[in-house]
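Student: I would like to learn how to read a model of this kind, feature by feature. Could we look at it together?

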Amino acid sequence: MTTATGGCGPAGLAAAVAAHLGRAVPPEWLAALEAVPRDRFLPSRVWLRDGHGGYRPCDRAAEPDRWRAAAWADGPVVVRVTEEPDGTVRPLSSASAPGTVLAMLAAADVRPGARVLEIGTGTGWHAGLLAARAGDAGVVSVELDGDLVAPARAALAAVGRHPLVRQGDGADGWPAGAPYDRIIATCSVRAVPAAWVDQLAPGGRLVTPWASAWCAYGTLVAEPTPDGTLRGRWLAGGSYLPLRARADAASGTVAAGPDPLAAPAEAAGLSPWAVAGDDYQAQAVTGLLTPGVWHVWDGADDEPGVHARLWLYAEDDAGTAVVEVASDGTTTARQAGERRLWDEVVAGWRWWREAGAPALSRFGLTRSAEGTVRVWLDTPDRPVPRR
Ligand SMILES: C[S@@+](CC[C@H](N)C(=O)[O-])C[C@H]1O[C@@H](n2cnc3c(N)ncnc32)[C@H](O)[C@@H]1O
């Protein structure tokens, strides 16, 4: 047990988590936070936000206070990165933000003795929390990145926890340990892998961060029914690194398709910030209604008369669009290709607003045993209009 009473330490972290949850941390998870100190799972070099949209390394020896503050704050701490050819640092693994972790664990309702599969071991901290609650014997954690497995095992052993940690592709689950009462992913998915449904015990529960091509936001909480259907709802919150495919160490998306700047400009009819700004629920709903469309902001800093541009791309390469906000506030859209991507996004946003801008928690998903997915509002008999 550590003796920290606030600030940097489990007590301070518990206070930050309570603020995130809007309620006291449940006693069973408070005990786990004490028994599995987060700082014991972080490597001596981590990467922290640089305040300009990127990351800067932080070495414990050189910047002990910065390192320690990050370890005990309610924010993600990146522990593994890849560097793009242009020097951009992109995170591959992080110790997730504690408030989000505790919200997911509360939604998972993990009980002592439960069999739990975690996808995405990372540092091992979350696996340690699970093992502290459910018991070592019931917890299996799978990590794609082989270099992370040994450090996670060592950190777990150092705090007296010994869940099974294995290298593998979490999309396959871990059949040897199935069935599981709980499957909890700590990387985001755009679709539920069939293996996870197959490996859930009757009465089990899946909790997974969600992503669309548009954004990574929301957490799906779903349960199987006896006929092999999976049914669940999203919770607000949770923005996780993606579940990567084995061959996809970097998982970037290459822009393709016709050049929208060659298309005529039309009135955009909607501010691009409505769907790609700070309203994460609007972003998440846009992703649900317009699957396979992604976006990127372009500050257009060096172009006189242009304030910002939002570029849209279809993963099927059937369309591109650019929405431009001029310095005087005029907003135009140019769309190229057989799909008019901005029109699709605006139609989805209008439907959502006309429905009263329902919160993400009112949206649900049904996945049939054959893998057909339906997204609905409030009840499974109210499907949403998806493109
Ligand atoms: C946000 S981090 C996990 C944080 C971790 N639970 C912790 O407590 O430190 C996401 C992790 O998922 C891993 N991951 C990504 N794709 C995966 C896959 N297909 N199978 C297993 N792990 C994967 C990443 O390598 C990364 O370590």
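Student: Which element gives the most residues to the shell around the ligand?

Tutor: Strand 4 gives the most, with four residues. Here helices (H or I, at least four residues) and strands (E, at least two) are DSSP runs, numbered from the N terminus. Before we go on, note that this is a predicted model, in which local features need pLDDT of at least 70 and side-chain atom pairs count only at pLDDT 80 or more, while totals for chains, interfaces and linings use all residues. Residues are numbered from 1 along each chain as its sequence is written, and side-chain values use heavy atoms, with hydrogens and water left out.

Student: How many residues surround the ligand, and which are the closest?

Tutor: A residue is near a molecule if one of its heavy atoms lies within 4 Å of it. By that criterion 25 residues surround the ligand, the closest being Ser93, Thr123, Glu143, Gly170 and Arg244. Sorted by class, the shell has nine nonpolar, twelve polar and four charged residues, where Ala, Val, Leu, Ile, Met, Phe, Trp, Tyr, Cys and Pro count as nonpolar, Asp, Glu, Lys and Arg as charged, and the others, Gly among them, as polar.

Student: What distance separates the polar backbone atom of Gly170 from a nitrogen atom of the ligand?

Tutor: A polar contact is a pair of N or O atoms within 3.5 Å. For Gly170 the distance from its polar backbone atom to a ligand nitrogen is 2.7 Å, whereas polar side-chain atoms of Glu118 and Thr186 lie 3.0 Å and 3.1 Å, respectively, from a nitrogen atom of the ligand. Taken alone the ligand exposes 600 Å², of which the protein buries 99%, the areas coming from the Shrake-Rupley method with a 1.4 Å probe.

Student: At what angle do helix 9 and helix 10 pack?

Tutor: Axes are lines fitted to C-alpha atoms, for helices over the stretch in contact, and angles run from 0 to 180 degrees between N-to-C directions. Helix 9 (residues 280–289) and helix 10 (residues 341–354) pack at about 120°, with their axes 9 Å apart. Ala282, Val285, Thr286 and Leu289 of helix 9 make the contact with Val345, Gly348, Trp351 and Trp352 of helix 10, contact meaning heavy atoms within 4.5 Å. By class, this contact has six nonpolar, two polar and no charged residues.

Student: Where are the unusual backbone geometries to be found?

Tutor: Most residues other than glycine have a negative phi, and most peptide bonds are trans. In this model a cis peptide bond joins Ala178 and Pro179, with omega about 0°, and Pro179 lies in the loop between strand 7 (164–167) and strand 8 (180–185). Asp317, in the loop between strand 14 (306–314) and strand 15 (320–326), has a positive phi, near 65°.

Key:
Polar contact = N/O pair within 3.5 Å; in protein donor to acceptor, adjacent residues only side chain to side chain.
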